[in-house]
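Please open the structure in a viewer and keep the selection panel at hand. The tour proceeds by selections, each followed by a description of what is found there.

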Amino acid sequence: GGNAMSQYKINDRYALNLFNPNERTGAEKEAKKLEDALLAIGFKQQVIKWDSVQGLPGRIHDAASDIPCTASIVLVCIMSHGRLGSLSDSTGSQLPLNYILHQLGHDISEGIPLVGCSSMLCQKRGSKPVHPCSIC
């Protein structure tokens with residue numbers, strides 16, 4: 001009995017935890033908190049520092065090659081500033097989040113469910129989150 005989703009087992013959880021330590025003080029501490037939270041719910045993970053949005057796709061591609069094809073689910077967390085659906089770095093360069101999600105579709109083994117979440121919350125007073133999470 002039961003529906004198909006209740007029969008689906010998530011055995012091998014994997015996460016990419018990406019953060020830019022140059023964005024602001026506290027980024028490494030937040031990445032560590034996320035790492036601990038993901039470990040507590042059974043995610044194996046890679047914690048990855050990135051410096052520029054131009055280098056981010058390469059960092060993700062390299063990390064994705066280490067994800068086992070036995071993974072049941074892959075969670076991708078990118079801590080970044082951004083606006084209007086784009087990630088940005090301290091130089092002001094931007095990269096569309098859709099580009100990253102499209103790349104992940106090629107880099108992650110076919111058939112593995114992928115959840116992408118990018119935290120793009122402005123830390124300045126009075127600002128509101130613009131595009132906090134995308135799921136594909």
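In what order do the three strands of the open sheet stand, and is their pairing parallel or antiparallel? The order is 4-5-6, and the pairing is antiparallel. The coordinates on display are those of a predicted model.

**The open sheet.** Select residues 81-83 and 94-96, which are strand 4 and strand 6. These two strands stand at the edges with a single partner strand each, so one side of each is left without a neighbour in the sheet. Averaged over this sheet and with direction ignored, neighbouring strands are turned by 30° against each other.

Next, add residues 86-88, which are strand 5. Three bridges join strand 5 to strand 6, and the two run antiparallel. To locate one of the paired positions, select Ser88, whose bridge partner in strand 6 is Gln94.

**The helix across the sheet.** Now select residues 97-107, which form helix 4. Helix 4 lies across strand 5 and strand 6, and its angle to strand 6 is about 55°.

**Strand 1 and its partners.** Move to residues 13-19, which are strand 1. Six of the seven residues of strand 1 are buried, so this strand is largely enclosed by the rest of the structure. Add strand 2, residues 43-49: seven bridges join it to strand 1, and the two run parallel. To follow the connection between them, select helix 2, residues 27-40; the chain passes from strand 1 through this helix to strand 2 in a right-handed β-α-β crossover.

Then show strand 3, residues 73-79, which runs parallel to strand 1 and is joined to it by seven bridges. Which residues stand opposite Tyr14 in strand 2 and in strand 3? Lys44 takes that place in strand 2, and Val74 does so in strand 3.

**The nonpolar cores.** Finally, display the side chains of Leu16, Leu18, Leu56, Ile67, Ile78 and Ile100. These residues have the most contacts inside the largest nonpolar core, which has 23 residues. Strand 1, helix 3 (56-64), strand 3 and helix 4 are the elements that give two or more residues to this core. For the last selection, take Leu38, Phe43, Leu75 and Cys77: they are among the six residues of another core, which lies apart from the largest one.

How values were computed:
Residues numbered from 1 in each chain as written. Predicted model: local features only at pLDDT ≥ 70, side-chain atom pairs only at ≥ 80, totals over all residues. Heavy atoms only, no water. Buried < 20%, exposed > 50% of the residue type's maximum accessible area, 1.4 Å probe, protein only. Helix = DSSP H or I, 4+ residues; strand = E, 2+ residues; numbered from the N terminus. Pairing = 2+ DSSP bridges. Right-handed = clockwise from strand over helix to strand, strands pointing away. Axes fitted to C-alpha atoms, helices over the stretch in contact; angles between N-to-C directions. Contact = heavy atoms within 4.5 Å. Core = buried A, V, L, I, M, F, W, Y, C linked by side-chain atoms within 4.5 Å.
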